[in-house]
Amino acid sequence: MAKMYPDVDIVGSITSINKSERDFYFLIKNSPDTKNWTVFYSSVLKYKNKTSEVDFIVFIPDEGMVLIELKANNPVSVTPFEFKYNYNHGETTQENPFRKIKNIIPEFKTMLNLTEEEKNKIFIHYMVIFPYFSGEFDENVCFSKSNYINSRVDPKNIPSMIIAKFNHKKNIESKNRIGVNASSDDINRIMDKIKSNLLNTRNLRIESSNINFENAEADSKSMLLNFYTMISNFKRLFIEGPAGSGKTFFALQYMLSHNADYTISYICNSRMLYEKMRYSFQNVNRVDMATYNNLLTLKKEKYDILILDEFENYENDIMIFDDVVKNGINYGNVLIMYDLEIKNLELDSFLKKHNFDKFYVKLKSNFRNNVAICEFINNLYDRNIYDNFFLNYYSQINIIKFSNNDIDTVFGSTIEELVEKEKYFYSDIKVITSKPFESSHAFSKILNRKKWIRDLDFVTIDDFMGLDSKVVVFIVDDGSYYIENILYKGATRAKQRLVILLKDTLYGRFKNV
């Protein structure tokens, strides 16, 4: 049995782990062939402003190390430089995983501050494991048959196959490798040093570098702004994208850059988003705001441009907006922002019916949330909601269970941890609830504490849609059929740090997401 970091027997659950990784994790942990191995799961490594993730870092006593990449999706085509995969009925191109993990090794040795002598003595191999792919790879793609394991290998034999391929590669390279005569004691000493460095620079995938969140956020916004410039001249557009892909940002930038020349009406669903936008443009006469529930705040007869944000929440006939925008909904200057993950729409039919089929943009990138949150959402749905994450920052997600009897204690210790240990300000924290306060016994117990009401900002998830906060404590007291949808909406409000307080009746279902 291997020693695992993190160890589920100690921490109870691991955030950001998908089914394939979970299966492999327990295979390595429990196999008799991995006795005395040490394995780090999901290490985020940063070197010269480049962030890389290694799925599994394996330490084999007396021998050396293996960096393992797990590929649950089968490639549809491969070249020496890139692999293509099918994600959600569309092709996605990624770097050749063999090339990618091979290139990590020298950076890995340097990042861990090994001396040149230590770099030469320690042998580090790499493998890519394809649990559902039975095909073979040419050596111009994989560099060596020792570098991968496919589904033809019985899963219970994978640990012994890792050892066999490791030894085969080590014997081949021993002819040319400096330091090949290193003793077992030397190898184990160097590996102990590496383990210590890994443990000191990370804890359950907490940031492995001192990257500054504000700098990471600024870089992400800069990339988002560059993307906006590519579509800023369109006067008619249907933008479909998940939370954090920049839809409301596009709407804001569009109003800022076009209000001098056009009259603009902006309509959304969230009360707080409406108030924020109205405040931002309070001195701009050519821009008016409204919510879908109240169009009476629109002052002009018809507008040059209509922006419909959070359109997934609109329930009525879209043709009512013919009275709002010049040339009507089907031919006017109309921008629609839509999240298909919140409400499914017969998209092809809608686009054709309302003349958006040639004015459609699909987004699959996230510019708002840290890496852990993006991975959490992908794992929640067991598919790639996000193909790319641009906020280059990692912070652990905590999922903590509560009952009606202990919610005030659990909530209090959570806030104390964030403020006193992690040094966040109360103003950094937004407390979001999954349903109105008055409908939950658990929420009412929290609201009875005057200190929390004084220091913290509480809001329901439906009121806070379209907005975000540096830190979010999301309290989920809801066992509805659409619980995944509720978690998606709440989790994506957090930018840097996310804590989910989950009702005990739901905890067992989601603790390992």
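This note goes through a helix pair, a sheet, a pocket and a cavity in a predicted model.

1. Helix pair, geometry. Helix 13 spans residues 371-381 and helix 18 spans residues 483-491. Their axes come within 11 Å and cross at roughly 170°. Angles over 145 degrees count as roughly antiparallel, and helix 13 and helix 18 are therefore described as roughly antiparallel to each other.

2. Helix pair, contacts. On the helix 13 side the contact is made by I373, F376, I377, L380 and Y381. Helix 18 meets them with E484, N485, L487, Y488 and A491. By class, the residues of this contact are eight nonpolar, one polar and one charged.

3. Sheet, layout. Five strands form an open sheet in the order 18-22-21-19-20, and the pairing is parallel. Strand 18 (397-402) and strand 20 (457-460) are the edge strands, each pairing on one side only. On average, neighbouring strands of this sheet are turned by 25° against each other, direction ignored.

4. Sheet, one strand pair. Strand 18 runs parallel to strand 22 (residues 494-503), and six bridges join the two. One position can be checked by eye: I399 has I500 in strand 22 as its bridge partner.

5. Second largest pocket. The volume of this pocket is about 610 Å³. Its lining consists of 29 residues, and those nearest the pocket centre are T248, F249, R368, G466 and D468. Helix 8 (213-231), helix 9 (247-258) and helix 10 (271-280) are the elements that give two or more residues to this lining. What is the class make-up of the lining? Eleven of the residues are nonpolar, six are polar and twelve are charged.

6. Second largest cavity. The count of cavities of 30 Å³ or more comes to two. The second largest cavity holds about 40 Å³ of space. Its lining is made of Y228, I231, S232, F234, L237, I239, F250, Y254 and L335. At least two lining residues each come from helix 8, strand 10 (237-240) and helix 9. Divided by class, the lining of this cavity has eight nonpolar residues, one polar residue and no charged residue.

7. Pocket and cavity side by side. Helix 8 and helix 9 appear in both linings: each gives two or more residues to the second largest pocket, and each supplies at least two residues to the second largest cavity. The pocket lining includes twelve charged residues, whereas the cavity lining has no charged residue.

Methods. Residues are numbered from 1 along each chain as its sequence is written. This is a predicted model: local features need pLDDT of at least 70, side-chain atom pairs count only at pLDDT 80 or more; totals for chains, interfaces and linings use all residues. Side-chain values use heavy atoms; hydrogens and water are left out. Axes are lines fitted to C-alpha atoms, for helices over the stretch in contact, and angles run from 0 to 180 degrees between N-to-C directions. Helices (H or I, at least four residues) and strands (E, at least two) are DSSP runs, numbered from the N terminus. Angles under 35 degrees count as roughly parallel, over 145 as roughly antiparallel, 65 to 115 as roughly perpendicular and the rest as oblique. Contact means heavy atoms within 4.5 Å. Ala, Val, Leu, Ile, Met, Phe, Trp, Tyr, Cys and Pro count as nonpolar, Asp, Glu, Lys and Arg as charged, and the others, Gly among them, as polar. Two strands pair if DSSP finds at least two bridges between them. On a 1 Å grid over the protein atoms alone, a cavity is a set of points where a 1.4 Å probe fits but cannot get out, and a pocket is an open set with protein on both sides within 12 Å along at least five of seven lines; lining residues have an atom within 4 Å of a point. Grid points are joined across faces, edges and corners, and a volume is the space filled by probe spheres set on the points.
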